[in-house]
Amino acid sequence: MLNDVKQVLITEEQLLEKVKELGEKITNDYKDSDNFIVIGVLKGAVVFMSDLIRSIELPLKIDFMAVSSYGTSTESSGVVRILKDLDESVEGKDVLIVEDIVDSGLTLSYMHKILKSRKPASLKICTLLDKPNRRKVDLKIDYLGFEIPDDFVVGYGLDYAGKYRNLRDICVLKPEIYKG
Ligand SMILES: O=P(O)(O)OC[C@H]1O[C@H](OP(=O)(O)OP(=O)(O)O)[C@H](O)[C@@H]1O
Ligand code: HPA
Ligand SMILES: [Mg+2]
């Protein structure tokens, strides 16, 4: 697996330090909420979310939604589908969407629109990574880990063709892996 990696972009230590920092900010911002729910976007956000919720020192619930637009390619198809919806209503709750990466922005802008229509008390977005150069739609990110260049990255939840999610660092894949 490590043979397929061109470069480590963000190390495990840097990731955990950033998660701690984000957790402290979120703890402070939501300290008065009595109805806080953190929603992870399957599957990419799972690793980040599991670390993030343990650095938030507040009572909270979690739920997951699966929306997919990628398949096995490295380019967004532009079509977003709900594969799994939330188990619970978000009406009247303080909702924080947790995502691994914002690329075109299509996934999160779709999710934001859907969740907004369900009348949460508040709705914010936290993403570990952002590739601003790739954006196709406008999106407000409330909590951001790292801005990264336009390279295809894997690890810490992020995949290529379903693989590499269990790498501990965020890594740039060798182009020959995804360009065949
Ligand atoms: O900003 P965008 O261009 O929409 O791209 C970002 C989304 O794409 C990836 O998910 P993907 O749909 O590949 O599914 P996964 O989370 O299961 O890997 C990633 O995890 C984000 O959810
Ligand atoms: O760079 C990326 N890596 C993995 N999944 C992604 N989805 C959008 N961009 C990426
Ligand atoms: Mg995803």
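The buried residues of helix α3 are covered by several strands, including β2 (36-42), β3 (61-68), β5 (94-102) and β6 (122-130). The helix itself comprises residues 106-116, and within it Leu106, Thr107, Leu108 and Met111 are buried. An α-helix has 3.6 residues a turn, so residues three or four places apart point the same way. This description, like all that follows, refers to a predicted model.

The strands that cover α3 belong to a wider arrangement. β4, β3, β2, β5, β6 and β7 follow one another in that order across an open sheet of six strands, and the pairing in this sheet is mixed. At the edges stand β4 (81-84) and β7 (143-147); each has a single partner strand, so one side of each is left without a neighbour in the sheet. On average, neighbouring strands of this sheet are turned by 25° against each other, direction ignored. Within the sheet, β5 and β6 pair in the parallel sense, over eight bridges. One residue pair may serve as a landmark here: Glu99 has Thr127, in β6, as its bridge partner.

Two further helices lie across strands of this sheet. Helix α1 (residues 12-29) lies across β5, β6 and β7, and runs at about 160° to β7. Helix α2 lies across β2, β3, β5 and β6, and its direction is at about 160° to β2.

The loop that follows α2 deserves separate attention. Glu57 is located there, between α2 (46-54) and β3. Is this residue buried or exposed? A residue counts as exposed if 12 or fewer other C-beta atoms lie within 10 Å of its own. Glu57 has 12 such atoms within 10 Å and is therefore exposed. Between Glu57 and Tyr30 there is a separation of 27 residues in sequence, while their C-alpha atoms are 9.8 Å apart in space.

A second sheet is made from other strands. It is an open sheet of three strands, ordered β1-β9-β8, with antiparallel pairing. β1 (5-10) and β8 (153-154) form its edges, each with a single partner strand, so one side of each is left without a neighbour in the sheet. Four bridges join β1 to strand β9 (residues 170-173) in the antiparallel sense. Ile10 stands opposite Ile170 of β9.

The surroundings of ligand 2 can be described next. Eight residues surround this ligand, and the closest are Ile101, Asp103, Phe152, Val153 and Leu158. Of these, Ile101 falls within the range of β5 (94-102), and Val153 within that of β8 (153-154). Sorted by class, the shell has six nonpolar residues and two charged ones, with no polar residue.

How many helices and strands does the chain have? Its secondary structure comes to four helices and nine strands. Read from the N terminus, these elements run β-α-β-α-β-β-β-α-β-β-β-β-α. The radius of gyration is 16 Å, close to the 16 Å that the globule rule gives for 180 residues, so the chain is as compact as a globular protein of that length. Taken along the principal axes, the box filled by the C-alpha atoms is roughly 50 × 35 × 25 Å. Of the 180 residues, 29% count as buried. Among contacts between residues at least 6 apart in sequence, 65% join residues at least 24 apart.

Note on methods
Residues numbered from 1 in each chain as written. Chains lettered and ligands numbered in written order. Predicted model: local features only at pLDDT ≥ 70, side-chain atom pairs only at ≥ 80, totals over all residues. Buried ≥ 20, exposed ≤ 12 C-beta atoms within 10 Å, placed from the backbone. Helix = DSSP H or I, 4+ residues; strand = E, 2+ residues; numbered from the N terminus. Contact = placed C-beta atoms within 7 Å. Rg over C-alpha atoms; globule rule 2.2 N^0.38 Å. Near = placed C-beta within 6 Å. Nonpolar A, V, L, I, M, F, W, Y, C, P; charged D, E, K, R; others polar. Pairing = 2+ DSSP bridges. Axes fitted to C-alpha atoms, helices over the stretch in contact; angles between N-to-C directions.
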